[in-house]
Amino acid sequence: MKYGLFFSLALLFTPSSWATTLPFNLSIEGQEFSIQKSLELSDVSEGKTNIVFEFKNNSGNLYHFSLNYKALPSNRSYPTNLDITIKDTDKNKLAYLFFANNNVESLKRIGTFGLIVDIDGKPVDIKFSFDEQQTGNLDIAELGQERFVQDTLVSKFNFQMIRPVIVPFVNPELRSQTYQLDSHPYAVNYTLKTLDKGIVQFQHNLYQLDEETGNERLLERIYFNASNIETLREAMFAGKYFHPQDGAFKLVFYPALGQTEPPK
């Protein structure tokens, strides 16, 4: 009897029983898209770490979505990352996001993140919601000296721009800073936007500039929500937008060194 009880307890407290699996909602919304999915994601090596499906727009065009949650080498700053790729019917890449994190629970702390990408001339919002009822205590008034590091690479132009950014006020609810990519008709922008009391959305935007009018067209936005300063400093990502003429634009974001601490 004792052995049977011990065996039952051993099964109950095996590592697999400690695995974290969280539900989340995925939406793909745009003028030609309206996709809603309820999904689950597990910690690395715990089962539900790959999601692949096809979806169509309102005109019947086929697209491919893939997500792979995987471990990173021990010499990297974060232990895990999400690889997210969107392709068209011909398997051409439209967008890619490498979203580094500490574990699935850290995605719940962020609550909501995603990317908006230009598909056939129209913005499409691909949003991951792990906690839509999130509350927080972050105020953009506190972020006047918070430094971020933006890194933009465009292989076709043999171009790279790395610089620390302190995002200035536009109004009491918004901080924003834009840099043109030298003489090229593109610009990158950082925005901190108050969504609700205590919740701030960070946006990393890539714009194409009309050389005659100077008007901006959004090509890609990578965004995440933060409810406190620790969460704002925890995020790190590398996104790619695939321009039909000018190739891949790589947008890398990470907080300035010294503002983060490794996980305990």
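This section describes the strand architecture of a predicted model, followed by a buried arginine and several loop residues.

The secondary structure of the protein comprises three helices and 17 strands. Of its 264 residues, 47% are buried. Among contacts with a separation of 6 or more, 46% are made by residues 24 or more positions apart. The strands considered below belong to two open sheets, one of nine strands and one of eight.

In the nine-stranded sheet, the strands follow the order β2-β1-β8-β7-β15-β14-β13-β12-β11, and the pairing is antiparallel. The edges are occupied by β2 and β11 (169–171), each of which has a single partner strand, so that one side of each is left without a neighbour in the sheet. From one strand to the next, the twist averages 20 degrees.

At the β2 end of this order, strand β1 (residues 21–30) runs antiparallel to strand β2 (residues 33–42), to which it is joined by 10 bridges. Within this pair, Leu26 has Lys37 of β2 as its bridge partner. The two strands form a hairpin, with two residues between β1 and β2. Strand β1 is also joined to strand β8 (residues 122–129), again in the antiparallel sense, through six bridges. Here Ser27 is placed opposite Lys127 of β8.

Strand β8 in turn runs antiparallel to strand β7 (residues 112–119), with eight bridges between them. One of the facing pairs consists of Ile119 and Lys122, the latter in β8. A hairpin is formed by β7 and β8 as well, with two residues between the strands; in its turn, Asp120 has a positive phi of about 55 degrees. Further along the sheet, seven bridges connect strand β12 (residues 174–180) with strand β13 (residues 186–196) in an antiparallel arrangement. Gln177 stands opposite Tyr190 of β13 in this pair.

The eight-stranded sheet has the order β3-β4-β5-β6-β16-β17-β9-β10, and its pairing is likewise antiparallel. Its edge strands are β3 (50–56) and β10 (159–166); each has a single partner strand, so one side of each remains without a neighbour in the sheet. Neighbouring strands are turned against each other by 10 degrees on average, direction ignored. Within this sheet, strand β4 (residues 62–71) and strand β5 (residues 80–88) pair in the antiparallel sense over nine bridges. The bridge partner of His64 in this pairing is Lys87 of β5.

A charged residue in the nine-stranded sheet was examined in detail. Arg221 is located in strand β15 (residues 216–226), which stands between β7 and β14 in the strand order. The residue is buried but has no salt bridge. The nearest side chain of opposite charge belongs to Asp125, at a distance of 7.5 Å, whereas a salt bridge requires a side-chain nitrogen of Lys or Arg within 4 Å of a carboxyl oxygen. Polar contacts are nevertheless present. The side chain of Arg221 forms one of 2.5 Å with the side chain of Asn205 and another of 3.3 Å with that of Gln203. Apart from neighbours within four places in sequence, Arg221 is in contact with Gly114, Leu115 and Ile116, together with Gln203, His204, Asn205 and Tyr207.

Several loop residues were also considered. Most residues other than glycine have a negative phi. Ser45, in the loop between β2 and β3, has instead a positive phi near 70 degrees. Ser45 counts as exposed because its relative accessibility is 68%. Asp182 is also not a glycine and has a positive phi of about 50 degrees. This residue is placed in the loop between β12 and β13 and, at 53% relative accessibility, counts as exposed.

In the loop between β16 (236–243) and β17 (247–255), Gln245 was examined for its position relative to a residue distant in sequence. Gln245 is exposed, with a relative accessible area of 56%. Its C-alpha atom is separated by 9.6 Å from that of Lys156, although Gln245 and Lys156 are 89 residues apart along the chain.

Terms used
Residues are numbered from 1 along each chain as its sequence is written. This is a predicted model: local features need pLDDT of at least 70, side-chain atom pairs count only at pLDDT 80 or more; totals for chains, interfaces and linings use all residues. Side-chain values use heavy atoms; hydrogens and water are left out. Two strands pair if DSSP finds at least two bridges between them. Helices (H or I, at least four residues) and strands (E, at least two) are DSSP runs, numbered from the N terminus. Axes are lines fitted to C-alpha atoms, for helices over the stretch in contact, and angles run from 0 to 180 degrees between N-to-C directions. Buried means under 20% relative accessible area, exposed over 50%, partly exposed in between (1.4 Å probe, protein chains only). Lys and Arg count as positive and Asp and Glu as negative; His and the chain ends are not counted. A polar contact is a pair of N or O atoms within 3.5 Å; within protein, one must be able to donate a hydrogen and the other to accept it, and residues adjacent in sequence count only if both atoms are side-chain atoms. Contact means heavy atoms within 4.5 Å.
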